[in-house]
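Work through the exercises below with the sequence and the coordinates open beside you. Each task is followed by a solution that goes step by step.

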Amino acid sequence: MELKELTSAFAAKMNKFRDTAVRRVTSANTFEIRTLDDGAPTVIFVSFKDEESLHYEVISMFLSNLYTELIGVSRKKGTRLQRPFYFLLDEFGNLPKFNDFDKVISACAGRNIWFLLILQSYAQLNNVYGKETAEIIKDNLNMHIFFGTNNPQTKLEFSEECGRKT
């Protein structure tokens, strides 16, 4: 690869950090991820413009880094965090694909790290991860709550999981 091609590829990848909102979020913080399991409980809210796909990419990068750091913290403390850490991920079906998320979600439970994924339909999960990986992800979620959907397949699948007795 020539220098010009390399520079062009680098500039294209870094272009997302030129957005004013992204620059503000990525240039400073008020906490250190390594200290999230120490002291008082902490909540991290990530608010963004859901109409801008660029923001989803940056949020996805942040969540991946947060997960990686939390795994490192849990290793230093033995095998698990002293306090449960919950990822409450609204609009999960619109986030870019997390690499190896089926393995991540499986490994996290033993480390006291939990994922709560909010979807409008299972079709979103299938679209991003593929049917087989989406099934593994759903199987590893320890909680399923149904608020409603317009997708008939999601309704049917959720209903069948509930069983025949009330």
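**Exercise 1. Two loops and their backbone angles**

Task: In this predicted model, state which loop holds E91 and which loop holds N112, and then examine the phi angle of each residue.

Solution. Begin with E91, which is found in the loop between β1 (85-89) and α4 (101-108). Its phi is positive, at about 60 degrees, although E91 is not a glycine. Then move to N112, which sits in the loop between α4 and β2 (113-117); here too the residue is not a glycine, and the phi of N112 is positive at about 70 degrees. As background for both steps, most residues other than glycine have a negative phi. Finally, add the accessibility of N112, which has a relative accessible area of 7% and is therefore buried, the limit being under 20%.

**Exercise 2. The salt bridges**

Task: Determine how many salt bridges the model contains, and describe the partners of K138.

Solution. The count comes to three salt bridges, taking a side-chain nitrogen of Lys or Arg within 4 Å of a carboxyl oxygen of Asp or Glu as the criterion. In general terms, side chains of opposite charge can pair when their charged atoms come close.

Step one concerns K103 and D102, whose closest N and O atoms are 3.8 Å apart. K103 is exposed, with a relative accessible area of 53%, whereas D102 is buried at 12%.

Step two takes K138 and E135, where the closest N and O atoms are 3.0 Å apart. Both residues belong to helix α6 (residues 131-140), and because they are three residues apart there, about one helical turn separates them. K138 is buried at 3% relative accessibility, while E135 is partly exposed at 27%.

Step three follows K138 to E157, with a distance of 2.5 Å from N to O. K138 lies in helix α6 and E157 in helix α7 (residues 152-162), so this pair ties together parts that are 19 residues apart in sequence. K138 and E157 are both buried. Since partners are shared, the salt bridges join E135, K138 and E157 into one network.

**Exercise 3. The surroundings of Q124**

Task: Decide whether Q124 is buried or exposed, and identify what its side chain and its contacts involve.

Solution. First locate Q124, which is found in helix α5 (residues 122-129). Its relative accessibility is 16%, so Q124 counts as buried under the 20% limit. Next look at the side chain, where a polar atom of Q124 lies 2.8 Å from the backbone nitrogen of Q120. Last, leave aside the neighbours within four places in sequence, and the contacts of Q124 are G93, N94 and L119.

**Exercise 4. The chain as a whole**

Task: Summarise the order of the elements, the extent of the chain and its charged side chains.

Solution. Start with the elements: the protein chain has seven helices and two strands, which run α-α-α-β-α-β-α-α-α from the N terminus on. The C-alpha atoms fill a box of roughly 65 × 40 × 30 Å along the principal axes. Of the 166 residues, 29% are buried, and the chain exposes about 11,500 Å², of which carbon and sulfur atoms supply 53%. Among contacts between residues at least 6 apart in sequence, 72% join residues at least 24 apart. To finish, count the charges: there are 21 positive and 21 negative side chains, and the centres of the two sets lie 4 Å apart.

Technical notes: Residues are numbered from 1 along each chain as its sequence is written. This is a predicted model: local features need pLDDT of at least 70, side-chain atom pairs count only at pLDDT 80 or more; totals for chains, interfaces and linings use all residues. Side-chain values use heavy atoms; hydrogens and water are left out. Helices (H or I, at least four residues) and strands (E, at least two) are DSSP runs, numbered from the N terminus. Buried means under 20% relative accessible area, exposed over 50%, partly exposed in between (1.4 Å probe, protein chains only). A polar contact is a pair of N or O atoms within 3.5 Å; within protein, one must be able to donate a hydrogen and the other to accept it, and residues adjacent in sequence count only if both atoms are side-chain atoms. Contact means heavy atoms within 4.5 Å. Accessible areas come from the Shrake-Rupley method with a 1.4 Å probe; for residues, only the protein chains shown count as cover. Lys and Arg count as positive and Asp and Glu as negative; His and the chain ends are not counted. The place of a charge is taken as NZ of Lys, CZ of Arg, CG of Asp or CD of Glu.
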